[in-house]
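Subject: Structure for you to look at

Hello,

Here is the structure I promised to pass on. Please open it alongside this message, and then read on for my notes.

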Amino acid sequence: MYRPAAMDGDGPTISRPVPDNAAAVLPVHLALLILAAGPADVVPSSVRAGDPDRGYEVLRSKPLLPPDFDRETLLRLGLTWPGEMKAKAKAAGEEERIAMALARYGLVAPPADDPIGGEVLNYVETPNGWVMNCFACHGGKVAGRTIPGLPNSHYGLATLTEEVRTVKLMTGKSLSHQDVGQMKIPLGASHGTTNAVVFGIVLDAFREPDMSVNTGRDPGPLLHHDMDAPPWWHVKKKSRLYIDGFSPKNHRVLMQFMLLPTTGRETVLSWEDDFRDVLAYIESVEAPPYPYEVDAALATSGRSVFEKNCAECHGTYSTDSSAETYPEVTVPIEVVGTDRVRLDALSVSHRRHLGTTWMSRYGEDPVVEDPGGYVAPPLDGIWATAPYFHNGSVPTLAGVLSPEERPTRWRRTENGYDRDRVGLEFTAVNEVPELDARYVFDTRRADIGKTNGGHTFAADLSPSEKRALLEYLKTL
């Protein structure tokens with residue numbers, strides 16, 4: 001198989017999530033990931049163990065959605081680009097045009113030793129066109145290196161969809177579900193983030209409790225906001241999914257984004273074994289080791305700083321995995337202080353419904369109805385997972401530790417890595433350009449959850465303590 005390389009004192013406390021199941025079936029305003037079928041559809045999760053080899057093959061080879069575009073369309077996308085980029089694309093050969101398109105939209109080639117091969121990791125290449133897979137958001141690159149399971153902080157889904165649609169209209173090709181859907185639902189305001197939670201809410205609204213399709217259902221109010229994907233190597237340490245930890249960790253929950261109205265109930269149920277294997281693959285992914293030099297003495301000093309200031313929420317780390325701890329605590333939003341739009345996008349009733357459905361095995365896998373905050377994640381491979389916070393608003397770990405170092409508006413380079421500040425190589429910008437505005441992350445956009453405040457726990461450390469802590473974090 002392919003393997004890529006409680007707070008003390010007064011005030012709010014940090015607590016672990018407490019499941020709160022409900023028996024009542026709620027109205028049509030359903031939550032992210034909540035998909036239902038009748039009790040007769042219950043299949044124990046222990047039917048068979050997942051196969052991680054096959055899970056990777058499913059992700060890379062099985063089209064679970066309709067195609068978004070074909071290779072011919074991809075080659076023509078340069079016709080929509082601004083200024084010099086358009087001229088360069090017109091003069092380029094086929095291979096260079098493909099490379100330019102991958103760079104523009106944040107798509108990445110598979111690693112050199114990938115057993116599936118193909119031109120791109122993020123889509124399944126079929127005779128009928130390229131089909132988005134889970135690596136679209138969870139297969140990225142850091143310092144120029146592709147890593148399956150790494151958040152794709154380059155992905156420009158909104159820009160790609162707009163420009164694909166333009167080319168299709170120019171060439172008379174049929175529009176895909178993605179092309180049409182973007183006209184009603186925003187796909188993301190900056191490259192590297194998507195409106196993922198709302199995608200799930202809308203897809204679920206088209207399902208009856210037995211998973212039959214009803215496109216007349218109303219998804220209710222939608223709080224659009226941008227999210228940064230988490231790294232898959234965290235999943236093995238967690239018992240619950242997502243930044244608020246409301247969802248149980250099971251293979252059925254992973255089916256959420258495949259549930260277009262064109263996909264019937266029987267097809268969805270037939271994919272259960274596929275997703276057992278996909279979860280097994282996700283839990284097999286290992287964090288990549290830091291590829292540069294580390295000051296061992298400074299890192300040792302930083303370990304002490306970490307254990308005194310960070311381990312209570314983020315756990316402890318060791319070369320012996322059996323000696324590690326991960327508390328999986330939920331930090332109240334009033335304590336962590338990071339952007340709360342993601343938390344508010346799902347109501348108690350949204351989350352509660354999951355506990356009544358096939359997705360949670362009708363509550364056998366408990367649901368947290370009102371998490372009240374965000375789960376402090378494990379920090380394995382943290383050097384690679386920039387930008388930081390659940391919305392991707394902070395480009396470096398130095399900015400996480402020192403709020404005054406967080407830029408208001410910033411633009412990253414494609415392959416650069418900042419070894420000193422640990423994270424993305426970026427440039428702070430004064431204004432968001434009219435053209436290619438999505439390449440700039442604008443933390444002033446509180447309306448869509450892009451603010452970069454909060455998590456000030458390390459702010460009072462001395463400069464030398466922060467420097468040592470940064471060095472230690474490279475080793476996780």
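Below is what I found, going from the core and the helix packing to single residues.

Please keep in mind that this is a predicted model.

**The core and helix H11**

The largest nonpolar core contains 117 residues, and Tyr123 and Phe306 are the ones with the most contacts inside it. The element that gives the most to this core is helix H8 (residues 196–205), with six residues.

Phe306 is a good place to begin looking. Leaving out residues up to four places away in sequence, Phe306 touches Ala311, His314, Gly315, Tyr317, Leu379, Leu469, Tyr472, Leu473 and Leu476. Phe306 also takes part in a helix pair: helix H11 (residues 296–309) packs with helix H17 (residues 463–473), their axes 7 Å apart and at an angle of about 100 degrees. The two helices are therefore roughly perpendicular to each other. On the H11 side the contact is made by Leu298, Ala299, Ser301, Gly302, Arg303, Val305 and Phe306, and on the H17 side by Glu465, Arg467, Ala468, Leu469, Glu471, Tyr472 and Leu473.

Alanine 458 sits in the loop between strand E11 (441–442) and H17. This alanine is buried, with a relative accessible area of 8%. Apart from residues up to four places away in sequence, alanine 458 touches Leu401 and Lys466. If you want a distance across the model, the C-alpha atoms of alanine 458 and cysteine 137 are 29 Å apart, with these positions 321 residues apart along the chain.

**Helix H10 and its surroundings**

A second helix pair is H1 (residues 52–61) and H10 (residues 272–282), whose axes come within 7 Å and cross at roughly 105 degrees. That makes H1 roughly perpendicular to H10. Here Pro52, Arg54, Gly55, Tyr56, Val58 and Leu59 of H1 meet Asp273, Asp274, Asp277, Val278, Ala280 and Tyr281 of H10.

How many of the eleven residues of H10 are buried? Ten of them are, so H10 is largely enclosed by the rest of the structure. The buried ones are Glu272, Asp274, Phe275, Arg276, Asp277, Val278, Leu279, Ala280, Tyr281 and Ile282. They pack against H1, helix H5 (135–138), strand E4 and helix H9 (265–270).

**Histidine 154**

Histidine 154 belongs to the loop between strand E4 (145–148) and helix H6 (157–171). Is histidine 154 buried or exposed? Its relative accessible area is 9%, so it counts as buried. A polar atom of the histidine 154 side chain lies 2.6 Å from the backbone oxygen of glutamate 414. Glu414 is also among the contacts of histidine 154 once neighbours within four places in sequence are set aside; the others in that list are Tyr105, Gly106, Lys141, His191, Gly192, Arg412 and Thr413.

**Cysteines**

How many disulfides does the structure hold? The number is zero. For cysteine 134, the closest cysteine sulfur is that of cysteine 137, and at 8.7 Å it is too far for a bond. Cysteine 313 is in no disulfide either, as the nearest cysteine sulfur, in cysteine 310, is 8.8 Å away. Cysteine 313 is itself buried, with a relative accessible area of 15%.

**Backbone points to check**

Three places deserve a look in your viewer.

- The peptide bond from alanine 386 to proline 387 is cis, with omega near 5 degrees. Proline 387 is in the loop between strand E8 (373–375) and helix H16 (397–401).
- Tyrosine 242 is not a glycine, yet has a positive phi of about 80 degrees. Tyrosine 242 lies in the loop between strand E5 (240–241) and strand E6 (247–248), and is partly exposed at a relative accessible area of 25%.
- Arginine 361, another residue other than glycine, has a positive phi near 55 degrees. Arginine 361 is in the loop between helix H15 (348–354) and E8, and at 16% relative accessibility counts as buried.

I hope these notes help you find your way around.

Best wishes

Technical notes: Residues numbered from 1 in each chain as written. Predicted model: local features only at pLDDT ≥ 70, side-chain atom pairs only at ≥ 80, totals over all residues. Heavy atoms only, no water. Helix = DSSP H or I, 4+ residues; strand = E, 2+ residues; numbered from the N terminus. Buried < 20%, exposed > 50% of the residue type's maximum accessible area, 1.4 Å probe, protein only. Polar contact = N/O pair within 3.5 Å; in protein donor to acceptor, adjacent residues only side chain to side chain. Contact = heavy atoms within 4.5 Å. Disulfide = S-S within 2.5 Å. Core = buried A, V, L, I, M, F, W, Y, C linked by side-chain atoms within 4.5 Å. Axes fitted to C-alpha atoms, helices over the stretch in contact; angles between N-to-C directions. Parallel < 35°, antiparallel > 145°, perpendicular 65-115°, else oblique.
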